[in-house]
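Q: I am new to this structure and would love a close look at a single part. Could you pick one helix and walk me through it and its surroundings?

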Amino acid sequence: MSTSTTLEAPKTGTWDGGNEPLKASYGKLMMWFFLLSDAFTFGALLIVYGLSRHSHLPYTGSPDDFTFSTEWWPIPEKVFNAFPGFHGVDLPLAFVALMTMILILSSVTMVLAVEAGHRMDKNDVQKWLMWTILFGSIFLGCQAWEWAHFITGTDEGMLLADGTRIFGANLTMNQYGPPLFADLFFFITGFHGTHVLSGVVLLVMIFINTVNGVYHKRGHYEMVEKVGLYWHFVDLVWVFVFTFFYLI
Amino acid sequence: MSSTDISINKDVHHAHEEHDHHHDQNFFEKYIFSQDHKVIAKQFLFGGIFWGFVGGFLSVIFRLQLGWPEATFAFLEPIFGGWIVNGKLDPEFYLALVTMHGTIMVFFVLTAGLSGTFSNFLIPLQIGARDMASGFMNMLSFWIFFLASIIMFWSLFLSTGPAGGGWTVYPPLSALPQAISGSGMGMTMWLVSMALFIVSQLLGGVNYITTVINLRTKGMSMTKLPLTIWAFFLTAILGLLSFPVLFSAALLLIFDRSFGTSFYLSDIYIAGEALANTGGSAILFQHLFWFLGHPEVYIVILPTFGIVSEVIATNSRKPIFGYRAMIGSMLGISLLSFVVWAHHMFVTGMNPFLGSVFMFLTLIIAVPSAVKVFNWLATLWRGNIRFTAAMMFAIAFVSLFISGGLTGIILGNSALDIQLHDTYFVIAHFHLVMGAAAFFGMFCGIYHWFPKMFGRMMDEKLGFVHFWLTFLSAYLVFMPMHYIGIAGFPRRYYSWTGFDAFNTFTDLNSFISIAAILGFTAQLIFLFNFIYSIFKGRRATANPWHSNTLEWTTPVNPGHGNWPGEIPTVYRWPYDYSKPGAPEDYIPQNVPFSQTQSSNLPYERDLE
């Protein structure tokens, strides 16, 4: 039997209550759990992509002879080969690679902003948030160009059985392949783009707060960290979207 | 503000709470846009009860059609207007009725009404927290639910009717507005409402999870949590992981309906005309839907597992049997609930081998479910049982869960499902195991925690009348359905009198309908008791059931912040009932072992 003093005190282990067992504030935990659930949203969409793709025939001929047809799922390099200012030049995946680099770069600047927040260095937080907003906006601009090009189509378009040609893609027809390819492209990259846009809006909000010294007065820059978690998540999702749409 | 709180709320949140204490809240802040978890819980409860009556009323109307297929219902014309044609229910109206009954009951009553009420109310009170982690998001969760409710309720009054494609809204029926009138505007509003509903659930869910992880009071380890909290915690995790998938599915369906995409549509002729949509798959929607849909049935039933465990232990005056086994079985059920969804799709033409995998996983759920049932029975066994109204509902819950669960083992077989799929056998199974049982769990919770919610007691005698009528009608409605279901009687049919095979069931169908009307009427007793007791009920004491959990250490009417002084510290698990050597037959969780020397067991602290 223990003495009465030990019977008087509650246990104080990590999970014994009265503390933060995961060493994270409630706000950060909420962000983590939101991201977990958002991962399932994207997971579902990417599974839809995978299943839709597998219910269509792949292109089996030589890549050099590839033509757009609703009969088979297109080869991504043949679809995404344009670059602004290089009309008619075949630059497979060059532009999307650039976009991806910009987005990954924005993650780097975000990390630097969070790190500056830990040091309570207001000027550095401002500087790196600014860069992150800039890169995020450039990514959105690139996506707008990518969409515009995808919608306008190529000079040749697709030759239909009845001799007519269709150019570009929208939600009901698609010069690059089966209509579903365009549907999924617009839906999934659009859904991701909406996330990036929300992220940029959040970044602008915390940027204004930082400039006004809100976090400095509060004594910590946790809000920057929370938005940072979201921003890295959106980048990570892009890596998967990129892999699904452009690489495989 | 007490000192215990400071370590928890380092944030703005703390400053905000302090602020709340200083100025008087006006009516809107206190009752309408309240951030107090107890008020939000009551808002969800009132919402749930309202929807429960709407959903129940709809079922009575379609039971009239099923029970008396030849009769005319001209007396309904003043209520339903154009939906009654020559005294007969319009067939498309019938489809809308069953669709909305399902939607309302599953989502608006047994998800929002049940989790929304009890998770909100009990999590902070039972873990010893001043409020939810984020009161603002909690408030937002209710008001988004409210918005979803308004849209869904509004759709009931559209001239083309609410959604009519079944609560599972399978495309292509739900995707093509020209298919039935229930796939028109009503379906659009269904989808918008459900999208908002999901947002509300996620806001609530992250709050519940975070609160349980971060805001437990000193000493409240995970293995000293009341089983209710474990149940709400796991329910929130299930919702958090499964609702987003329905969200994706619903967004894709919205695009198919409104923007001409073909995610779920392919090779469709409608009214002799070929649609342009190619390449999509309707089965894909079913996979996405049931990836939510199956965890959803556990989202409905898990909170009641917790509520019933708590009420049975308290009213048997015995520790819950197998506390850790209860937690383990809930964890097992939660895990399995994500890998069994395709058992809803055995007859969609899926690979029989895949079917057998899903059958195997499905049948495994019987194991943790049986563990729970045996534990409840063992808790009751030789207990010092007090038959309160809440206890009656808890015991009946176990009964309904057994009766409904046994048929689940039958339905889980992919071969038997070929005969039983989409028959009244399925209806009987899930209404007993997750419909009636969850309702009984909800009633159990309302009767049990009513004193803490409103500071008054509900009338026990009316509670018993309500219980017996509800219990009898539940079995009288659903038991005969097994019988007609085995005979192949299909669900969702407006008229069955044209089939010779089913004409012999006319009397049985009338019988079911009479029992259903009885059951619905009995709920009016509950409604009266509920409203009357809020204003005129007998005043409650602080701990009327002599229960151990922390919510009963608060004042009779806990204010904002729950405990006037410091938050109590927890020393023991919540089930020290009838402990040998103790003067009373209960020892609340906040009583230190130093005060209970006469009942302490050797190595008490090592056994925890």
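A: Let's start with what helix α18 of chain B packs against: its buried residues meet α3 (37–67), α15 (424–454) and α16 (460–486) of chain B. This is a predicted model, so please read everything here in that light. Which residues of α18(B) are buried? They are B:N509, B:I512, B:S513, B:A515, B:A516, B:G519, B:Q523, B:F526, B:N529, B:F530 and B:S533. A general point helps in reading such a list: an α-helix has 3.6 residues a turn, so residues three or four places apart point the same way.

The length of the helix can be checked too. Helix α18 of chain B covers residues 506–536, and because each residue should add 1.5 Å, its 31 residues should span 45 Å; the C-alpha atoms at its ends are 45 Å apart, in agreement with that.

Now for the surroundings. The domain assignment divides chain B into domain 1 (34–215), domain 2 (387–540) and domain 3 (541–608). The centres of domain 1 and domain 3 of chain B, taken over C-alpha atoms, are separated by 39 Å. Where these two domains of chain B touch, eight residues of domain 1 are in contact with eleven residues of domain 3. On the domain 1 side of chain B, helix α5 (residues 91–127) gives the most, with four residues. That side of domain 1 of chain B is made up of three nonpolar, two polar and three charged residues.

Definitions and conventions. Residues numbered from 1 in each chain as written. Chains lettered and ligands numbered in written order. Predicted model: local features only at pLDDT ≥ 70, side-chain atom pairs only at ≥ 80, totals over all residues. Helix = DSSP H or I, 4+ residues; strand = E, 2+ residues; numbered from the N terminus. Expected span 1.5 Å × (residues − 1). Buried ≥ 20, exposed ≤ 12 C-beta atoms within 10 Å, placed from the backbone. Contact = placed C-beta atoms within 7 Å. Domains from an automatic or database assignment. Nonpolar A, V, L, I, M, F, W, Y, C, P; charged D, E, K, R; others polar.
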